[in-house]
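Visitor: Please choose a single part of this structure and take me through it closely. I am in my first year, so plain words would help.

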Amino acid sequence: MYRIRKYLNTYTDAAPLAAFRIFFGLMMLISIIRFWSYGWIDKLYIQPTFFFSYYGFDFVKPLGIYTYGLFLLCGVAALMVALGYQYRIAIITFFLSFTYIELMDKTTYLNHYYFISVLSFLLIFLPANAYYSIDARRSAKSYQQLPKWTIDAIKLLLGIVYFYAGLAKLNIDWWYKAMPLKIWLPSKYKIPLLGELMQQEWVHYLFSYTGAIYDLVIPFMLLYKRTRGVAFVMVVIFHVLTRVLFPIGMFPYIMIISTLIFFDARIHHKILSILSRICKIDKESFDTVTVFKFSSLRHKIVLGMLAVFFIIQLLLPFRYVLYPGELFWTEEGYRFSWRVMLMEKAGYATFKIVDRVTGKRFYVANDDFLTSFQEKQMATQPDFILQYAHHLKRHFEDQGHRNLQVFVESYVALNGRLSKSYIDPTVDLAAEKESFAPKEWILPFEDAPINVLHRWGDE
């Protein structure tokens, strides 16, 4: 307890947190502009007639043409965060608007969107505007010393993301079969210099092994000064290479910029000095010996909130052990767990509507209700299939049909395996309810276990 109290009362330079705030806000602003410029707002949130919601968040829906206003609000909030202007309002607005965007349609789920929501939530509780910000300039109170834990909290979150991504790669397919990289990499034959290498099987295994080892060790290498420089070079090479090979947007650049927070304050002061010269800012006016201190009550509340936050982050990725069956097959407990690019799943689902009384039936053309992207995502994810079945029942009931049952004939191929029947075709999905309980209508995975923990459990 003495060591904990001593740590919580240790202070450090505020420059790393200020630089992180600036880069985070700018990267988010660029991401919003990029998303808008590619026409994805219209394609993903306005053109579709049906949206897949997250369980418990059915009320979160796109706002029609006003969805553009939501993105505009998010972008303005990101700029305000970068400038450190009305920071508390700005970061809360950004968190709420970005998370609302993320929740509008489950089809667009990506790990790095979840990372941004989690990170922006964490930033709500940190005094990232205490130094080198418009807020500090307007209040004439610049704090160059902050509690050390305010910076270490971001390091811990980044460490969890990396380390858990590495743990997720300790599965049979990744380690022993180089899957799904063995499927993806050969398609990159057009890339200059690397295209020929991507056809070699040894390269697939090399990427698999180094990818897992990288994720597991990089947080620890970044923590220690002697290995930090080498680690950052590894971060740059790894994320640039993944950006070249895979269409994952801004995420590689966000991670590269984020890892700068592991460096000493003098590096960040140099970065801020360069920025000051470019923008003609008097940096010296912010350089004081003033120490930022939370009030006693606020300190306890913030630490309590962060304790709960990190306990959730540490435990949530392991919730899949509460479910039977193969994780990659059922995907129960798969999302929000830093499982990055571990599966190549393809399939199709044909829905049959049956009148329970007369026995009359007809089949549904999915493209009458879903975009091609939505249909692709729906065909391989059980919760999508269930939600779509309920939507079909409501739709045809609105047309005057009664006593309806909804059945699905679905087949899925996982990581290069032959396609197998996925959902029990005798189960009326319209009568099934969404919940956190195991979905017993998912047919069992008829192959050797993939996930290590489930393999141990079966043995």
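Guide: Two strands are said to pair if DSSP finds at least two bridges between them. With that term in hand, the part to look at is the sheet, in what is a predicted model.

The sheet is open and has four strands, in the order E4-E3-E5-E6, with antiparallel pairing. At its edges are strand E4 (361-363) and strand E6 (420-421), each of which pairs on one side only. Strands of a sheet pair through backbone hydrogen bonds, and the pairing can be parallel or antiparallel.

Take the pairing of E3 and E5 to begin with. Strand E3 covers residues 345-355, while strand E5 covers residues 404-414. The two strands run antiparallel and are joined by eleven bridges. One place to find this pairing in the picture is Phe351, whose bridge partner in E5 is Val408.

Next comes the pairing of E3 with the edge strand E4. This pairing is also in the antiparallel sense, and it spans three bridges. Two partners can be traced by name: Lys352 has Tyr363 as its bridge partner in E4, and Val354 has Arg361. E3 and E4 form a hairpin with five residues between the strands. In this hairpin, Gly359 has a positive phi near 80°.

That sign is a useful thing to look for in the loops around the sheet. Most residues other than glycine have a negative phi. Met341 is not a glycine, yet its phi is positive, near 55°. Met341 sits in the loop between helix H16 (327-330) and E3. Its relative accessibility is 27%, so Met341 counts as partly exposed.

Asn415 is another residue with a positive phi, about 50°, although it is not a glycine. Asn415 belongs to the loop between E5 and E6. Is Asn415 buried or exposed? The cut-off for buried is a relative accessible area under 20%. Asn415 has a relative accessibility of 4%, so it counts as buried.

Strand E5 also takes part in an enclosed space. Two cavities of 30 Å³ or more turn up when the whole structure is searched. The largest cavity holds about 60 Å³ of space. Which element gives the most to its lining? E5 does, with three residues. The residues that line this cavity include Val412, Ala413 and Leu414. Trp329, Arg417, Leu418 and Lys420 are also among them, as are Phe445, Glu446 and Asp447.

Now compare the sheet with a helix elsewhere in the model. Helix H6 (residues 111-123) has 13 residues, and from first C-alpha to last it reaches 18 Å, close to the 18 Å expected at 1.5 Å a residue. Why can H6 be called largely enclosed by the rest of the structure? The reason is that eleven of its 13 residues are buried. These buried residues include Asn111, His112, Tyr114 and Phe115 towards the start of the list, and Leu122 and Leu123 at its end. Their cover includes helix H2 (15-37), helix H5 (87-104), helix H8 (149-168), helix H13 (251-258) and helix H15 (296-315).

H6 also leads to an open space, the second largest pocket. This pocket has a volume of about 990 Å³. H5, H6, H15 and helix H18 (382-398) are the elements that give two or more residues to its lining. There are 34 lining residues, and those nearest the centre of the pocket are Tyr54, Phe57, Arg319, Phe336 and Phe436.

One of the helices covering H6 can be followed a little further. H2 has 23 residues and reaches 33 Å between its first and last C-alpha, close to the 33 Å expected at 1.5 Å a residue. Just after H2 comes Gly39, with a positive phi of about 75°.

To return to the sheet: the order to keep in mind is E4-E3-E5-E6. E3 is joined to E5 by eleven bridges, and E3 pairs with E4 over three.

Terms used:
Residues numbered from 1 in each chain as written. Predicted model: local features only at pLDDT ≥ 70, side-chain atom pairs only at ≥ 80, totals over all residues. Heavy atoms only, no water. Expected span 1.5 Å × (residues − 1). Buried < 20%, exposed > 50% of the residue type's maximum accessible area, 1.4 Å probe, protein only. Contact = heavy atoms within 4.5 Å. 1 Å grid on protein atoms, 1.4 Å probe; cavity = no way out; pocket = protein on both sides within 12 Å on 5 of 7 lines; lining within 4 Å. Points joined across faces, edges and corners; volume = space filled by probe spheres on them.
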